[in-house]
Amino acid sequence: MAIAYRSKTEIESIRRAGQVVMEILAILRAAVRPGVTTGELDAIAARELRERGATSNFKGYRPAKGIPPFPGVICSSVNDEIVHGIPGKRVLVEGDIIAIDFGAVVDGWHGDSAITVPVGAVDAETQHLLDVTQEALRRGIAVCRPGNRILDISRAVQEYVESEGCSVVRQYGGHGIGRALHEDPWIPHYVERGQPNPLLRPGMVFCVEPMVNLGGAATRELPDHWTVVTADGTRSAHFEHTVAVTQGDPDILTAT
Ligand code: MG
Ligand code: MG
């Protein structure tokens, strides 16, 4: 699949989907508290999508044959869960963190964003993880300028995360977005020789979404085929925005 370059009108369409995503993420953030289940958060998101005439790009998603379709409209990943956690009966308790990854489709255009929310008060190490991951996303987005390349994003994220004593996940990363949830290019959040390194050009729209672990970078997939956890059991955080490259400053289409 070739990288798409979107017109200003198309970017405004993606922004409308992005705004629905952010309105609903704000509602979910406010609903996070000790005692709530991840399934209840999913039900809130599903209802809010319906009320806005939007649909889910997560529910029913199936990356390959033999993998059960994703059953929720949110991915809810708690503590050592990194990404793709399935919402259900899990009850949040004080001191947990929950990554909520959420997307919406409006008029055929896709938006995607993720936040990690503390459940009540969290310990200092966990707060550091949240701060580092959010700042890593900010730094990654800041270099989304014409003339830079994809790996400039990867490098900005990785260098900062590692300088703070954390590690960045390799197996999962950002992606082009627009007519589909996952388009080219692939956006790694680490640098390795031989990775494709396309030039950033105005009209490119993609998600930057570092997943940061307190311990090592290694991941493990649970037998449910979806939930990804840290191999060493340490906590992980995830923040994501949908971003358009312009002639000038990066344009966050999932800004609040
Ligand atoms: Mg996402
Ligand atoms: Mg994404």
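The accessible surface of the protein adds up to about 10800 Å², and carbon and sulfur atoms own 51% of that (areas by the Shrake-Rupley method with a 1.4 Å probe, where for residues only the protein chains shown count as cover). This is a predicted model, in which local features need pLDDT of at least 70 and side-chain atom pairs count only at pLDDT 80 or more, while totals for chains, interfaces and linings use all residues. Residues are numbered from 1 along each chain as its sequence is written, chains are lettered from A and ligands numbered from 1 in the order in which they are written, and side-chain values use heavy atoms, with hydrogens and water left out.

On the overall build, the C-alpha trace spans about 45 × 45 × 35 Å along its principal axes. The radius of gyration is 17 Å, which agrees with the value near 18 Å for a compact globule of 256 residues (taken over C-alpha atoms, the rule being 2.2 Å times the number of residues to the power 0.38). Of the 256 residues, 54% count as buried, meaning under 20% relative accessible area, with exposed set at over 50% and partly exposed in between (1.4 Å probe, protein chains only). Among contacts with a separation of 6 or more, 70% come from residues 24 or more positions apart; contact here means heavy atoms within 4.5 Å. The fold has four helices and 14 strands, counted as DSSP runs numbered from the N terminus (helices H or I with at least four residues, strands E with at least two).

Now for the metals. The magnesium ion (ligand 1) is held by D101 (OD), D112 (OD) and E240 (OE), at 1.9 to 2.1 Å. Donors are N, O and S atoms within 2.8 Å of the metal (3.2 Å for Na, K and Ca), and since water is not among the atoms, sites may look incomplete. Along the chain the donors of ligand 1 are spaced D-x10-D-x127-E. D101 sits in strand 3 (residues 97-106) and E240 in the loop between strand 12 and strand 13, so this pair ties together parts that are 139 residues apart in sequence. D101 is buried at 8% relative accessible area, and E240 is buried too, at 0%.

The magnesium ion (ligand 2) takes D112 (OD), H175 (NE2), E209 (OE) and E240 (OE) as donors, at 2.1 to 2.2 Å. Their spacing in sequence reads D-x62-H-x33-E-x30-E. Here D112, in strand 4 (residues 109-118), and E209, in the loop between strand 8 (205-208) and strand 9 (211-213), link distant parts of the chain, 97 residues apart. Both residues count as buried, D112 at 2% relative accessibility and E209 at 4%. The two magnesium ions are 3.1 Å apart, and D112 coordinates both.

D101 and D112 also lead into one of the sheets. Strand 3 and strand 4 pair in the antiparallel sense over 10 bridges (two strands pair if DSSP finds at least two bridges between them), with I97 bridging to P118 in strand 4. They belong to an open, antiparallel sheet of three strands in the order 1-3-4. Strand 1 (74-78) and strand 4 each have a single partner strand, so one side of each is left without a neighbour in the sheet. The twist averages 15° from one strand to the next. Helix 2 (residues 38-51) lies across strand 1 and strand 3, at about 20° to strand 3; axes are lines fitted to C-alpha atoms, for helices over the stretch in contact, and angles run from 0 to 180 degrees between N-to-C directions.

Strand 8, just ahead of the loop that carries E209, is covered on both faces: V205 and C207 on one side and F206 and V208 on the other are all buried. Two bridges join strand 8 to strand 6 (residues 174-176), running antiparallel, and F206 is the bridge partner of G176. Strand 8 also pairs with strand 13 (residues 241-244), again antiparallel, over four bridges, where F206 is matched with V243.

A further open sheet has three strands in the order 5-9-12, with antiparallel pairing. Strand 5 (167-168) and strand 12 (236-238) are its edges, each pairing on one side only. Strand 5 is joined to strand 9 by two bridges, and S167 stands opposite N213 in strand 9. Helix 3 (residues 124-142) packs on this sheet, touching strand 9 and strand 12, and its direction makes about 35° with that of strand 12.
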